[in-house]
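Please open the model in a viewer and keep the sequence panel at hand. The tour below proceeds by selection, and each stop states what is found there.

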Amino acid sequence: MSLSLRQQVLRKIPSVDEILSRPEIAELLKVHPRNVVVEAIRKGIGRLRQEILQKEEGPQSGDDLFSFEHLVPLFQKEIDLQIQPRLRRVINATGVIIHTNLGRAPLHPSAIQHLVEVSKTYSNLEYDIELGERGNRYAHVEEILCRLSGAESALVVNNNAGAVLLVINTLAEGKEVIVSRGELVEIGGAFRIPDVMRRSGALLREVGTTNRTHLNDYQKAIGPQTGLLLKVHTSNFRVMGFSSEVSLEDLVQLGKQHQLPVIDDLGSGCLIDLTLYGLEKEPTVQEMIKTGVDAITFSGDKLLGGPQAGIILGKKNSLDLFKINPLTRALRIDKLTLAALESTLLLYLDKKRAMEEIPTLLMLSLDTKRLKIRGRRLLKRLSKMENKRITCTLREDVSQVGGGALPLQELPTIVLTLKPLDFSLNTLELHLRKGDPPIISRISKEELILDMRTVFDEEIPILAQEIEKALTKIAKS
Ligand SMILES: *Cc1c(COP(=O)(O)O)cnc(C)c1O
């Protein structure tokens, strides 16, 4: 279509007011507020305009394009987009268990039930029922955290980044914090230890080298300016080969000699010894507390399997200082999170049950036998489909833990692969991603990969249905 012809067609687009006065629109106005309908018409027209400008060959006159038969469904779609929440569930078929972009840990049903119950009406969030007076928001989880970890005292804040900020600010504002060069990590999502340090008002004192840091590197750096010795879990990478780091035990001893607090940012923080399940060693929270460290911090929504939170555990005298820092008020945890966190922690009273029921831990421990059963269920549904424009196969692959935990752990998994016969992989990926619910998959070489590890059993029928829908749409386009 020539440019002038395009412009002719564009000029025929009716105005918003014209459209609003049409009887076909009256139906929409009966159901939806006027501002929503007006916005939908504006957006719908905008989209049409763009279509006309971009399409290779357009309609001759545009008349059929502007018929209300065509326009009303277009506006209805724009209305739906406005009134549906933007934050929505997706199906995670990437196999990455703790996927920060996909909301990290899915919650256990008891955590969900608890947060619904606590938020529907009033709660004893900051009320002591025994005494009938003002209570403490943090008290609800402190006892269980201490019991599970062996720590003297506990505090929970908004997230682990907040916990690290609070700890450094409290203990080392205006002073130096000694950190190994090999641990100056970036976690992703713009969390970089040196930046957090600066914001907390402390000065970074790097010691050692990228691959090797020794106890006497810390020792030599200690002076009147030192406020804190910090260890950071190199969550998402490992230095291999000629490398060495100072153990937390040794650092705690050094801290004691110089009367300096020692802190460990554990990142993921696991309460269960994963080696019992054939997984790589991830230091447990209990082991870290046993070293006598002043405080450790970790996330609530990584391996722990709870909601977003920053958990701080350690010695009472340090924790008391964190609790009175005004930053704690700014970083405070809300009641929905607190409810979900408390219920998740209660599951850990029975470690075996925790491993079997907390979604992140269960996914971590699923073997290929169980994953194969899941994969076969999906394959069976797909093989019943009419569409023969793709081939589906089940095969072995590896999934990642993600979330900065166990970066070297290879988890043998089962994936369902889809291979289009006469259209592109990207088209398939896009249609699945734009489905309802969206399906997040990964593309590898010549195939689209759906990892069975992170797909819930209940999602198998939905997955099959969405794949079928996507293929029907592709066939039509
Ligand atoms: C993930 C991580 C953080 C950040 O935790 P958030 O809960 O995302 O704020 C900080 N430090 C380490 C070592 C981590 O792995």
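**The ligand shell**

The shell around the ligand is made up of 3 nonpolar, 6 polar and 3 charged residues (Ala, Val, Leu, Ile, Met, Phe, Trp, Tyr, Cys and Pro count as nonpolar, Asp, Glu, Lys and Arg as charged, and the others, Gly among them, as polar). This is a predicted model, in which local features need pLDDT of at least 70 and side-chain atom pairs count only at pLDDT 80 or more, while totals for chains, interfaces and linings use all residues. Residues are numbered from 1 along each chain as its sequence is written, and side-chain values use heavy atoms, with hydrogens and water left out.

Select the ligand together with R104, N159, N160, A161, I187, F191, H233, S235, D265, G267, S299 and K302, the residues that surround it; a residue is near a molecule if one of its heavy atoms lies within 4 Å of it.

Next, display the distances from the ligand to N159, N160 and A161. An N or O atom in the side chain of N159 is 3.3 Å from an oxygen atom of the ligand. For N160, a polar backbone atom lies 3.1 Å from a ligand oxygen atom, and for A161 a backbone N or O atom is 2.8 Å from an oxygen atom of the ligand. Of the 380 Å² of accessible area that the ligand has on its own, the protein covers 95% (Shrake-Rupley method with a 1.4 Å probe; for residues, only the protein chains shown count as cover). Two or more residues of the shell come from each of α8 (160-172) and β10 (262-267); helices (H or I, at least four residues) and strands (E, at least two) are DSSP runs, numbered from the N terminus.

One shell residue, R104, merits a separate selection. R104 is in the loop between β1 (91-92) and α6 (109-120), and has a positive phi of about 55° although it is not a glycine.

**Two enclosed strands**

Select β11 (residues 295-299). Why is this strand described as largely enclosed by the rest of the structure? The description applies because 5 of its 5 residues are buried, where buried means under 20% relative accessible area, exposed over 50%, and partly exposed in between (1.4 Å probe, protein chains only). A295, T297 and S299 lie on one side of β11, I296 and F298 on the other, and all are buried. Add β10 to the selection: β10 and β11 pair in the parallel sense over 4 bridges (strands pair if DSSP finds at least two bridges between them). One bridge to display is that between I263 and its partner A295 in β11.

Move to β4 (residues 153-157), which is also largely enclosed by the rest of the structure, since 5 of its 5 residues are buried. S153, L155 and V157 point one way from β4, and A154 and V156 point the other way. Strand β12 (residues 310-314) runs antiparallel to β4 and is joined to it by 5 bridges. Within β12, G314 stands opposite S153.

**From β16 to β17**

Select K445, in the loop between β16 (442-444) and β17. K445 is exposed, at 77% relative accessibility, and its phi is near 50°, a positive value in a residue other than glycine. Then select E447, which belongs to strand β17 (residues 447-451). E447 is buried, with a relative accessible area of 14%. Its side chain makes a polar contact of 2.4 Å with the side chain of R395 (a pair of N or O atoms within 3.5 Å; within protein, one must be able to donate a hydrogen and the other to accept it, and residues adjacent in sequence count only if both atoms are side-chain atoms).

A further stop is P437, in the loop between α19 (425-433) and β15 (439-440). The peptide bond from D436 to P437 is cis, with omega near 0°.

**Cysteines**

How many disulfides does a search of the whole structure find? The search finds 0, a disulfide being a pair of cysteine sulfur atoms within 2.5 Å. Select C270 and C146: the sulfur of C270 has its closest cysteine sulfur in C146, 18 Å away and therefore too far for a bond. C270 is buried at 2% relative accessible area, whereas C392 is partly exposed at 25%.

**The whole chain**

Finally, zoom out. The protein chain has 20 helices and 17 strands, and its C-alpha trace spans about 85 × 50 × 50 Å along its principal axes. Of its 477 residues, 49% are buried.
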